[in-house]
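Dear colleague,

I am passing on the structure below, and after it you will find an account of what turned up when I went through it. Please have it open while you read.

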Amino acid sequence: MGAEGLEDEDVPALTTGQAADVLGVQPAFLRSLDAGRMLRPQRSAGGHRRWTRRQLTLAARVRSLFDEGLTLTAAWKVVTLEDRVGEVERERDVALAELDRTRRELARVRRGSAEAVKARTESTTRSGSSVHVNRVPGLPRVTGTSPGAACTSTTPATTTDLTSP
């Protein structure tokens, strides 16, 4: 393996003995993390454990809590929960940033809409019309002074006219 492989946190580069030396622990400690299925190192073709830098970082955190008096299992749970809290905080930060962007966009659209309504109102006021008519495209324009002006009947409507089919 080249030196560039040592830069990557996820390259299984260290044997159990080397990893134990890096952490300042006994190899049995790393084997117990593997046996407890807390950290699962990859295996070489010969069946030897190969540890990554990321795994060693986790092992060091577990060891620190273990040295403070927690059991190995409790220390592992604390480390995994801390990591999960970190993930949730990052997700929250992304969601808050997206919410902030969405709110700014909504405010921009509302301002534009308010300006369009104001311009339309001013245009209608300048033309002398006080009635705001929203025409539906494709329908004929109805002219007259009131909505009833479009009726062709000269007879006033009665209750019977309204309820009859």
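Phe29 is a good residue to begin with in this predicted model: its relative accessible area is 6%, and because buried means under 20%, Phe29 counts as buried. Its ring takes part in the 1 aromatic pair that a search of the whole structure finds. The partner is Phe66, with 6.2 Å from centre to centre and 45° between the planes, so that the pair is classed as tilted. The pair links distant parts of the chain, since Phe29 belongs to helix α3 (residues 27-35) and Phe66 to helix α4 (residues 53-67), 37 residues apart. Unlike Phe29, which is buried, Phe66 is partly exposed, with a relative accessibility of 33%. The ring of Phe29 has a further neighbour in Arg63, which lies over its face at 4.9 Å from the ring centre.

To place these residues, it helps to have the whole chain in view. The secondary structure of the protein chain comes to 6 helices and 2 strands, and from the N terminus on the elements run α-α-α-β-β-α-α-α. Of the 165 residues of the protein chain, 18% count as buried. Among contacts between residues at least 6 apart in sequence, 43% join residues at least 24 apart.

Phe29 also appears in the largest nonpolar core, which has 19 residues, and it is listed there with Leu30, Leu33, Leu39 and Val62 as those with the most contacts inside the core. The elements that give two or more residues to this core are α2, α3, α4 and α5 (72-126), and of these α4 gives the most, with 5 residues.

Two of the residues named for their contacts in the core can be followed further. Leu30, found in helix α3, is buried with a relative accessible area of 0%. Leaving aside neighbours within four places in sequence, Leu30 is in contact with Thr16, Ala19, Ala20, Leu23, Val25, Trp51 and Ala59. The C-alpha atoms of Leu30 and Arg40, which are 10 residues apart along the chain, are separated by 9.8 Å. Val62, for its part, touches Phe29, Leu33, Leu72, Ala75, Trp76 and Val79, again not counting residues up to four places away in sequence.

Several of the contacts of Leu30 lead to helix α2 (residues 16-23), whose buried residues are Thr16, Ala19 and Ala20. Seen down the axis of α2, these buried residues fall within an arc of 100°, so they line one face of the helix. On the other side of α2, Asp21 and Val22 are exposed. What covers the buried residues of α2 includes α3, β2 (49-50) and α4. Just after α2, Gly24 takes a positive phi of about 75°.

Several of the contacts of Val62 lead instead to α5, a helix of 55 residues that reaches 80 Å from its first C-alpha to its last, close to the 81 Å expected at 1.5 Å a residue. In α5, the buried residues are Leu72, Ala75, Trp76, Val79, Gly86 and Thr124. The buried residues of α5 pack against α3 and α4.

Finally, there are two loop residues that you may wish to look at in the model. Thr52 is found in the loop between β2 and α4, and at 8% relative accessibility it counts as buried. Not counting residues up to four places away in sequence, Thr52 touches Glu9, Asp10, Val11 and Pro12. Ser44 is found in the loop between β1 (42-43) and β2, and with a relative accessible area of 22% Ser44 is partly exposed. The C-alpha atoms of Ser44 and Ala13, 31 residues apart along the chain, are separated by 9.9 Å.

With best regards

Definitions and conventions: Residues are numbered from 1 along each chain as its sequence is written. This is a predicted model: local features need pLDDT of at least 70, side-chain atom pairs count only at pLDDT 80 or more; totals for chains, interfaces and linings use all residues. Side-chain values use heavy atoms; hydrogens and water are left out. Rings of Phe, Tyr and Trp (its six-membered ring) pair if their centres lie within 6.5 Å; planes under 30 degrees apart count as stacked, over 60 as edge-to-face and the rest as tilted. Helices (H or I, at least four residues) and strands (E, at least two) are DSSP runs, numbered from the N terminus. Buried means under 20% relative accessible area, exposed over 50%, partly exposed in between (1.4 Å probe, protein chains only). A charge sits over a ring if NZ of Lys or CZ of Arg is within 6 Å of the ring centre and within 35 degrees of the ring normal. The arc is that of the directions from the helix axis to the C-beta atoms. Contact means heavy atoms within 4.5 Å. A nonpolar core is a set of buried Ala, Val, Leu, Ile, Met, Phe, Trp, Tyr and Cys residues joined through side-chain atoms within 4.5 Å. The expected span of a helix is 1.5 Å times one less than its number of residues.
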